[in-house]
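Grab a pencil and open the viewer. Below are some exercises to work through, each with a solution to check yourself against.

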Amino acid sequence: MNPESQMEEALCLAALSLPVPLRAQFLDQTCAGDARLRAAVAEVLLAHADAEKFFERGGAAVNVPELDAQAAGLLKEAESEIQLDDLTDEQLGSRVGRYQLLQKIGEGGCGVVYLAEQDKPVRRQVALKVIKLGMDTKSVIARFEAERQALALMDHPNIARVFDAGATEAGRPFFVMELVRGPRITQYCDEHNLDTVQRLKLFIQVCRAIQHAHQKGIIHRDIKPSNILVTLQDGVPVPKVIDFGIAKATEGRLTDHGSFTVVDQFVGTPAYMSPEQADISGMDVDTRSDIYSLGVLLYELLTGKTPFDTKMLVESGLDEMRRTLREKEPQLPSTMITSLRQTELTITAGQRHAEPPKLVSQLKGDLDWIVMKALDKDRNHRYETANGLALDIQRYLDCEPVVARPPSRPYRFKKLVRRNKVVFAAGGVVALALLIGLGLSTWFFFREREARLREREARERETVLLAKAEDRSKITQAVMLVGQGKFEEAAEILDEVKYFPASPTLDSVSALRSVGEWLALQERWPQAAERYFALVKIDQLGNNIQIYLDYLACGVVLAANGDAKAYGEFLNLAVANFSRSQNDTVFYACLLRPLNPAQIQALKPMAATLERRFPTLPKNIVTVWNQLPLCLWHYRCGDYGAAIEWSQREVPFKGRFPPGVADWYLIRAMSLYRLGQLDEACSELAQGRQLVEAKLQGSLDRGRPDVGNWDDWIFASILLKEATALVDCKSAEPATGG
Amino acid sequence: MSDITLVLESVRRGERQATEELFPLVYEELRRLAAMRMAKEVAGHTLQPTALVHEAWMQLVGDGHRTWENRAHFFGAAADAMRRILIDNARRKAALKRGGGQQFRVGLEALELTAATPDEHVLLIDEALNWLATEDPEKARIVSLKFFGGLTNDEVAETMGIGLRTVVRQWVYAKVKLFRWISLQNR
């Protein structure tokens, strides 16, 4: 490429990253005095939108997932113009999957929402949201699918269900949700002049909904007024949280290095974003981010403002925005109210059915602290759960002490007075207090102790739930790290995980496997053993080859680690899950160590099935895979003659699988030794040893399925160790018996 | 264990040339998969390169074998194979649509760009890509991998050993260049 066109290209790309109105000015400045260059660049820019359309249309023929997130960010301006036109009217009345679009009911930053009708399996109206930005449809849907199981578990009156996801014909992702009609929560409260107490009661319901989701391991990530709508059910306002699972599915892929600036332009809503979401890494998001966003929502419900002004945040630029969210303390809600201009204050107070001074005094104190605790920059200081936040508000409504402030004596006393107004109002009746003083304080004491006990129990339960949610996010992190090839870090994070989800995503299973394998290749057996054991415990979704291979690797790693107890547990698990199926690989993995009588008994049905099936096997490498386990099985049962007999069966492809050949020699060596044939045993042992040692001289590699994976070779080396300890080739006297 | 793993292995060890060796193997598998797909679905079908290429990878190489060098070689060959399949397919469909056995020729004077069918778009892009390959081979490669191979930006970056941002920028610019060339040719 010549320097001229290089210049042209650089200028074009720079111009494209600018908003449309600024481009002309940009070109004027950069091409000053070079009319030819300016004309050339302008021409390319002009062709750009058409080019995109052209490729999109061509893409429809090959169905390439059009434009992924990065390109989309780069072309945000031009892009959204094109797509808006494409999307609005032409699709009305048309079908998207099995849904018929009836009417456009909303449009937001990231998508257009349609009223749509589904006819199968039930006829119902739904909300269908088409994601507007040019995102990589496939990965959006894949990420949604990963969450789908968890989403299906959510069942709460204040949560709108997400039914389905898919791709439109133009290749854009769409989501289908329960149809919720109603204004956003802030709008509803203002229009109906709800007072502070009514607002708090609605808000508590929102907290409970979020709590429910957190218990199912789902983080919303995008809590804001437009995602919480209020509908009337039998005349009662019911808040509904929508868009669960969508923020996660549509957020930019943060694994891609160097693309943050582009991606984070459209992830999240700045005013509602927690400091950790705004953070450059952006990955470390957990349930407490939602608590922060709830805090912002509460702030807005109470004061009509968000803690930081959205417009200011956006205009200050990305770095400044991050700094604000990370470092700047917001004003107390009551302070925010007092700093409003007079007219604004009157309106805000009026919408809350209160006089300005009353509103300020309502907010001052408890509500200030509750909001600030939810908004703490350090998530460790926020409410640990949404329920905790709801409980504290409930305490405020019940005039009980809130936990949001470190309780001081006068504060508690103030509350006590208010709670027991009658007793204290009869202030003059000191005598009464004196008379029953002792009884009363004892009563208070017990009541308080009981409350504390109940609270501690609840807290402990919540701690487990929180730990589970945290573990989920740790697993997600590990998945990302594995994707980046950072196995060491992934292994460290997985070490901290206590609870593995019962129904994990495919991603997390494969991350667990990759990390286990990586640890095994470095012969870090204890850690590898933990990873693999966790893997087979959750890996029970069906019968496929991968699961058999996981069992084999797990058995090998546990045996290599030399932990007889863990290996015994593994064997029980294998028997429990595979006693009926005919799997040679799993069976073989159970024979790595000597068996006790109970274990022999447990494995017998598997052995019998495999033995019965042997003559019917197709004539291929599979026969070898059945011969070896049956040899070793008879050896483990003490039937050495049968072991030798099985080893002598003629099978096709004998010798084609090197670690299998080594196993064959070693099993024979041990059996022959037991039968008193020392010379023969020593010769077989020598052959087996040679094969294993030649392979395992250097560092362990992953291997190949056709010539032996790493675990096949470790299997052989474990047998070699056992055989070496048993067969004493130096002594002339062979031992007899078992 | 299939031949392809052995080829990949020897490619990785530097014993053989990557694409020439791989192409026929990958092409056959992709064609088989595409044919199955087409047989199952009704008219108006599309071939999804991403799905096909990844499926071919699973079929031919399996999951156990995940070294990046191998994937890069494989994807390179797969994008070429996929391009040929898509072009063949588009030619056939375009010819059918234009009523009769005659082959669709890219660059017909009568062809209005805006009126062209998606399949014709593909043919035009293919032709323009041949031009770009002589002009700016790196960009042409990116387009081929992304458009015909259905690879993500990450995979393209990985396959070509270049930065992700470079991929994104080159892809944007390449599209404009191709489009302008096509417009000039069909003016």
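The exercises below go from whole chains down to single residues, and the model they use is a predicted one.

**Exercise 1. Take stock of the two chains.**
Work out how many helices and strands chain A has, and how many chain B has.

*Solution.*
- Step 1: Start with chain A, where the secondary structure adds up to 33 helices and 10 strands.
- Step 2: Chain B has 8 helices and 0 strands, so reading from its N terminus you get α-α-α-α-α-α-α-α.
- Step 3: Now look at burial. In chain A, 44% of the 738 residues count as buried; in chain B, 42% of the 187 residues do.
- Step 4: Finish with the contacts between residues at least 6 apart in sequence. In chain A, 66% of them join residues at least 24 apart, and the figure for chain B is 66%.

**Exercise 2. Find the middle of the largest nonpolar core.**
Which residues of this core touch the most other members, and which helix gives it the largest share?

*Solution.*
- Step 1: Keep the background in mind: in soluble globular proteins, nonpolar side chains tend to be buried together.
- Step 2: The largest core has 83 residues, and those touching the most other members are A478(A), V515(A), C554(A), V556(A), V557(A), L666(A) and A669(A).
- Step 3: Helix α25 of chain A, residues 545–561, supplies the largest share of this core with 10 residues.
- Step 4: Don't stop there, as a second, separate core holds 81 residues, including I242(A), Y292(A), L294(A) and L298(A).
- Step 5: Back to A478(A): ignoring neighbours within four places in sequence, A478(A) is in contact with A490(A), I493(A), L494(A), A511(A) and V515(A).

**Exercise 3. Check two helices for a buried face.**
Where do the buried residues of α22(A) fall around the helix axis, and where do those of α30(A) fall?

*Solution.*
- Step 1: In helix α22 of chain A (residues 487–496), the buried residues are A490(A), A491(A), I493(A) and L494(A).
- Step 2: Looking down the axis of α22(A), these buried residues stay within an arc of 165°, so they line one face of the helix.
- Step 3: Helix α30 of chain A (residues 640–647) buries Y640(A), A643(A), I644(A), W646(A) and S647(A).
- Step 4: The arc for α30(A) is 160°, so here too the buried residues line one face of the helix.

**Exercise 4. Describe two helix pairs.**
Is α12(A) roughly parallel or roughly antiparallel to α17(A)? Then describe how α7(B) sits against α8(B).

*Solution.*
- Step 1: Two packed helices are described by the angle between their axes and the distance between the axes.
- Step 2: For α12 (residues 287–303) and α17 (residues 356–374) of chain A, the axes come within 7 Å and cross at roughly 150°.
- Step 3: That angle makes α12(A) roughly antiparallel to α17(A), since angles over 145 degrees count that way.
- Step 4: Now list who meets whom: I291(A), Y292(A), L294(A), G295(A), L298(A), Y299(A) and L302(A) in α12(A) meet L363(A), L367(A), V371(A) and A374(A) in α17(A).
- Step 5: Over in chain B, the axes of α7 (residues 153–160) and α8 (residues 164–185) come within 9 Å, with a crossing angle of roughly 110°.
- Step 6: α7(B) is therefore roughly perpendicular to α8(B), and their crossing is right-handed.
- Step 7: The residues involved are N153(B), D154(B), V156(B) and A157(B) from α7(B), which meet L164(B), V167(B) and V168(B) from α8(B).

**Exercise 5. Size up three acidic residues.**
Is D584(A) buried or exposed? Ask that of D234(A) and E523(A) as well, and look up phi for D234(A) and E523(A).

*Solution.*
- Step 1: D584(A) lies in helix α27 of chain A, residues 584–589.
- Step 2: D584(A) has 24 other C-beta atoms within 10 Å, so it is buried; the cut-off is 20 or more.
- Step 3: Beyond four places in sequence, D584(A) touches L610(A), W625(A), N626(A) and P629(A). Q627(A) is 43 residues away in sequence, with a C-alpha to C-alpha distance of 9.1 Å.
- Step 4: D234(A) is in the loop between β7 (228–233) and β8 (236–241) of chain A. D234(A) has 5 C-beta neighbours inside 10 Å, so it counts as exposed.
- Step 5: E523(A) is in the loop between α23 (506–521) and α24 (525–538) of chain A, and with 14 C-beta neighbours inside 10 Å it counts as partly exposed.
- Step 6: For the backbone, D234(A) has a positive phi of about 55° without being a glycine, and E523(A), also not a glycine, has a positive phi near 55°.

Terms used: Residues numbered from 1 in each chain as written. Chains lettered and ligands numbered in written order. Predicted model: local features only at pLDDT ≥ 70, side-chain atom pairs only at ≥ 80, totals over all residues. Core = buried A, V, L, I, M, F, W, Y, C linked by C-beta atoms within 7 Å. Buried ≥ 20, exposed ≤ 12 C-beta atoms within 10 Å, placed from the backbone. Helix = DSSP H or I, 4+ residues; strand = E, 2+ residues; numbered from the N terminus. Contact = placed C-beta atoms within 7 Å. Arc of directions from axis to C-beta. Axes fitted to C-alpha atoms, helices over the stretch in contact; angles between N-to-C directions. Parallel < 35°, antiparallel > 145°, perpendicular 65-115°, else oblique. Left-handed = near helix turned anticlockwise from the far one by under 90°.
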